[in-house]
Amino acid sequence: MHNFLFGIYPYIALSVLIIGSITRYERDPFTWKTSSSQLLRRKQLMVGSILFHVGVLVIFFGHLVGLLTPIWIFDALGISHGAKQTLAVVAGGIAGVMALIGGLMLFHRRMTDPRIRKTSSFADIGILALLLAQLVLGIGTIFVSLEHLDGHEMTKFMSWAQGIFTFQSDAASHIADVAWIFKLHLVLGLTIFLLFPFTRLVHMLSVPLRYFMRPGYQIVRSRRTRPLSDR
């Protein structure tokens with residue numbers, strides 16, 4: 001099971017992420033949106049959204065750089081494993097708390113406001129719940145990481161991630177003995193990648209490409225005559 005979850009499942013999740021996102025953009029471009037509920041309730045959305053998105057972006061790019069940068073580059077720059085581990089704990093901890101607070105505000109808003117609740121699909125609520133669970137797990141890993149401030153444990157995840165992207169058959173072996181909370185965090189993260197093309201998360205791919213250059217926003221009125229829950 002370990003080899004499947006950390007040696008095969010990553011390729012399944014990444015393949016669905018890439019192929020599914022391309023297919024959705026080509027076949028259903030008008031579903032490529034965030035389905036904003038800003039018109040229904042603005043104040044809590046703005047505060048929660050800023051905290052959530054800033055936190056998630058810091059976490060995402062922190063993971064991307066931290067896991068996929070070859071270890072020899074950090075060594076060449078004179079950045080010790082311990083310093084990298086400490087930076088990851090501090091920056092990741094702050095960003096994680098920000099994202100969790102913002103996410104809880106968004107979740108509370110979506111679940112307690114009757115109008116927003118009726119315009120929310122199962123996928124909208126489900127993916128937000130998974131992201132919150134992932135943030136809780138990520139913050140939980142910090143307490144385990146504090147016991148390994150020498151950075152040795154982090155190099156295992158770097159070797160695993162880089163092994164996956166370089167198609168090493170034994171990539172899963174690098175994290176065979178890490179704590180269970182790290183493994184659960186990785187599996188849930190891969191599952192979010194798997195579900196990515198089928199949720200509102202696809203709008204993340206549009207931010208650096210076209211959204212900054214578009215002249216304005218377009219509000220599209222739904223043709224539904226009944227709320228989603230009555231279908």
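1. A salt bridge is taken here as a side-chain nitrogen of Lys or Arg within 4 Å of a carboxyl oxygen of Asp or Glu. By that criterion, the side chains of lysine 156 and aspartate 177 form one, with an N to O distance of 3.2 Å. The pair ties together distant parts of the chain, since lysine 156 belongs to helix 7 whereas aspartate 177 sits in the loop between helix 7 and helix 8, 21 residues apart. The model in which this pair is found is a predicted one.

2. Lysine 156 also meets the side chain of glutamate 153 in a salt bridge, at 3.3 Å from N to O. These two residues are three apart in helix 7, and therefore about one helical turn separates them. Which residues do the salt bridges with shared partners join into one network? They are Glu153, Lys156 and Asp177. Lysine 156 is buried, at a relative accessible area of 15%, and glutamate 153 is likewise buried, at 10%, whereas aspartate 177 is exposed, at 55%.

3. The whole structure contains three salt bridges, one of which pairs the side chains of arginine 200 and aspartate 124 at 3.2 Å, N to O. This pair links distant parts of the chain, with arginine 200 in the loop between helix 8 and helix 9 (207–211) and aspartate 124 in helix 6 (residues 122–145), 76 residues apart. Are these two partners buried or exposed? Arginine 200 has a relative accessible area of 17% and counts as buried because that value is under 20%; aspartate 124, at 12%, is buried as well.

4. As for the overall fold, the protein chain has nine helices and zero strands, so that the pattern read along the sequence is α-α-α-α-α-α-α-α-α. Of its 231 residues, 36% count as buried. Among contacts between residues at least 6 apart in sequence, 80% join residues at least 24 apart. The accessible surface comes to about 14200 Å², and carbon and sulfur atoms account for 70% of it.

5. Threonine 69 deserves a separate comment. This residue is found in the loop between helix 2 (43–68) and helix 3 (71–76), and it is buried, with a relative accessible area of 17%. A polar atom of the threonine 69 side chain lies 2.6 Å from the backbone oxygen of valine 65. When residues up to four places away in sequence are not counted, threonine 69 touches Leu64, Phe74, Met158 and Gln162. The C-alpha atoms of threonine 69 and alanine 161 are separated by 9.8 Å, although the two residues are 92 apart along the chain.

6. On the surface, a nonpolar patch of about 690 Å² is made by Leu57, Phe60, Phe61, Leu64, Val65, Leu68, Phe165 and Phe193. Which element supplies the largest share of the nonpolar patch? Helix 2 does, with six residues. Among the patch members, Leu64 is also listed as a contact of threonine 69, and Val65 offers the backbone oxygen in the polar pairing with threonine 69. Another member of the patch, Phe193, is placed in helix 8 (residues 180–195) and is partly exposed, with a relative accessible area of 30%.

7. A last point concerns the backbone of phenylalanine 167, a residue in the loop between helix 7 (152–165) and helix 8. The phi angle of phenylalanine 167 is near 60°, a positive value in a residue other than glycine. With a relative accessibility of 65%, phenylalanine 167 counts as exposed.

Technical notes: Residues are numbered from 1 along each chain as its sequence is written. Side-chain values use heavy atoms; hydrogens and water are left out. Helices (H or I, at least four residues) and strands (E, at least two) are DSSP runs, numbered from the N terminus. Buried means under 20% relative accessible area, exposed over 50%, partly exposed in between (1.4 Å probe, protein chains only). Contact means heavy atoms within 4.5 Å. A polar contact is a pair of N or O atoms within 3.5 Å; within protein, one must be able to donate a hydrogen and the other to accept it, and residues adjacent in sequence count only if both atoms are side-chain atoms. Patches are made of residues with over 30% relative accessible area and no salt bridge: like charges are joined within 9 Å, nonpolar side chains (Val, Leu, Ile, Met, Phe, Trp, Tyr) within 5 Å. Accessible areas come from the Shrake-Rupley method with a 1.4 Å probe; for residues, only the protein chains shown count as cover.
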